[in-house]
Amino acid sequence: MTQILVAYGTRYGSTREVAETVAATLEEQGIDTDVKQAREVRSLAGYDAVVLGTPLYLGALHKDVRALLEKNQAALEHTPFALFALGPIKADDGLDGSRAQLIDALAKLPVPTPASTAVFVGAYDPARLGFKDKMIAALPASPLHGEIAHDDRDWGAVLAWTRELTDLLTRATVSAI
């Protein structure tokens with residue numbers, strides 16, 4: 001039976017919620033999953049494939065996801081993996097800029113190309129921001145300045161990508177055997 005790790009980095013929980021939805025959708029397809037924060041992953045041994053989730057902050061992957069990728073570079077050469085990112089916080093911001101940021105961030109890391117990548121719109125709640133992020137949001141030039149809480153995540157897009165991923169990762173796993 002296929003065992004997939006769904007690991008994520010998150011600051012405020014939005015990426016965790018998407019990772020949990022990805023794992024639940026894979027489970028519905030008959031695939032065993034483990035869902036963990038990226039910083040809790042000690043090894044990729046025992047997993048047939050990996051799905052990583054990260055928010056994009058100023059064009060960078062979450063530090064825990066970057067660390068997992070760097071630490072497991074050799075294992076990822078032989079383990080199919082996919083990566084999703086939560087990019088813009090509003091649907092009308094478009095996803096193209098965030099896709100470009102994701103591609104650039106991955107190119108800076110010594111890891112193989114993921115079998116699949118996706119970028120989704122995230123959620124935003126200024127009441128949950130930490131001190132540093134509150135200071136950034138307070139700046140008039142910040143795209144977060146004056147933003148109200150909202151959740152523009154497209155759950156239909158998340159489910160569609162995950163269903164495509166099921167076939168892609170299970171095929172890649174079978175061909176690796």
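**Exercise 1. Determine which residues Thr15 touches beyond its sequence neighbours, and whether Thr15 is buried or exposed.**

*Solution.* Step 1: once neighbours within four places in sequence are set aside, Thr15 has contacts with Tyr8, Gly9, Thr10, Gly53, Thr54, Pro55, Phe84 and Leu86. Step 2: Thr15 belongs to helix H1. Step 3: the relative accessibility of Thr15 is 2%, and because buried means under 20%, Thr15 counts as buried. The model used here and in every exercise below is a predicted one.

**Exercise 2. Locate His62 in the chain and identify its contacts.**

*Solution.* Step 1: His62 sits in the loop between S4 and H2. Step 2: apart from residues up to four places away in sequence, His62 touches Gly9, Thr10, Arg11, Thr54 and Pro55. Among these partners, Gly9, Thr10, Thr54 and Pro55 also appear in the contact list of Thr15. Step 3: His62 and Gly9 are 53 residues apart along the chain, and their C-alpha atoms are separated by 5.7 Å. Step 4: with 7% relative accessibility, His62 is classed as buried.

**Exercise 3. Describe the overall fold of the protein by its secondary structure, dimensions and contacts.**

*Solution.* Step 1: the protein contains 6 helices and 8 strands. In sequence order, these elements give the pattern β-α-β-β-β-α-α-β-α-β-β-α-β-α. Step 2: the C-alpha trace extends about 55 × 30 × 25 Å along its principal axes. Step 3: for 177 residues, a compact globule would have a radius of gyration near 16 Å, and the value for the protein, 16 Å, agrees. Step 4: of the contacts between residues at least 6 apart in sequence, 80% join residues at least 24 apart. Step 5: 45% of the 177 residues count as buried. The accessible surface amounts to about 9,000 Å², with 53% of it belonging to carbon and sulfur atoms.

**Exercise 4. Characterise the largest pocket by its volume, its lining and the elements that supply that lining.**

*Solution.* The search rests on a general idea: rolling a probe the size of a water molecule over the atoms shows where empty space is left. Step 1: the largest pocket holds about 1,100 Å³ of space. Step 2: 40 residues line the largest pocket, and those nearest its centre are Leu56, Tyr57, Gly87, Ile89 and Leu144. Step 3: the lining divides into 16 nonpolar, 12 polar and 12 charged residues. Step 4: the helices that each supply at least two lining residues are H1 (14-28), H2 (63-71), H4 (96-107) and H5 (131-138). The strands that do so are S3 (49-57), S4 (60-61), S7 (123-124) and S8 (150-151).

**Exercise 5. Compare the accessibility and contacts of two residues of helix H4, Ser98 and Gln101.**

*Solution.* Step 1: Ser98 has 8% relative accessibility and counts as buried, whereas Gln101, with a relative accessible area of 32%, is partly exposed. Step 2: neighbours within four places in sequence being left aside, Ser98 is in contact with Leu56, Gly87, Pro88 and Val119. On the same terms, Gln101 is in contact with Leu56 and Gly59. Leu56 therefore appears in both lists; Leu56 is also among the residues nearest the centre of the largest pocket. Step 3: the C-alpha atoms of Gln101 and Leu61 are separated by 9.1 Å, with their positions 40 residues apart along the chain.

**Exercise 6. State what is notable about the backbone of Leu58 and the exposure of its position.**

*Solution.* Step 1: Leu58 has a phi near 50°, which is positive although the residue is not glycine. Most residues other than glycine have a negative phi. Step 2: Leu58 is placed in the loop between S3 and S4. Step 3: its relative accessible area is 85%, so Leu58 is exposed.

**Exercise 7. Establish where Lys108 and Ala91 lie and how far each is from a residue distant in sequence.**

*Solution.* Step 1: Lys108 occupies the loop between H4 and strand S6 (116-120), and Ala91 the loop between strand S5 (81-86) and H4. Step 2: Lys108 and Glu147 are 39 residues apart along the chain, with a C-alpha separation of 31 Å. Step 3: Ala91 and Asp151 are 60 residues apart along the chain, with a C-alpha separation of 9.3 Å. Step 4: beyond four places in sequence, Ala91 is in contact with Val121 and Asp152. Step 5: Lys108 has a relative accessible area of 70% and is exposed.

How values were computed
Residues are numbered from 1 along each chain as its sequence is written. This is a predicted model: local features need pLDDT of at least 70, side-chain atom pairs count only at pLDDT 80 or more; totals for chains, interfaces and linings use all residues. Side-chain values use heavy atoms; hydrogens and water are left out. On a 1 Å grid over the protein atoms alone, a cavity is a set of points where a 1.4 Å probe fits but cannot get out, and a pocket is an open set with protein on both sides within 12 Å along at least five of seven lines; lining residues have an atom within 4 Å of a point. Grid points are joined across faces, edges and corners, and a volume is the space filled by probe spheres set on the points. Helices (H or I, at least four residues) and strands (E, at least two) are DSSP runs, numbered from the N terminus. Ala, Val, Leu, Ile, Met, Phe, Trp, Tyr, Cys and Pro count as nonpolar, Asp, Glu, Lys and Arg as charged, and the others, Gly among them, as polar. Buried means under 20% relative accessible area, exposed over 50%, partly exposed in between (1.4 Å probe, protein chains only). The radius of gyration is taken over C-alpha atoms; the globule rule is 2.2 Å times the number of residues to the power 0.38. Contact means heavy atoms within 4.5 Å. Accessible areas come from the Shrake-Rupley method with a 1.4 Å probe; for residues, only the protein chains shown count as cover.
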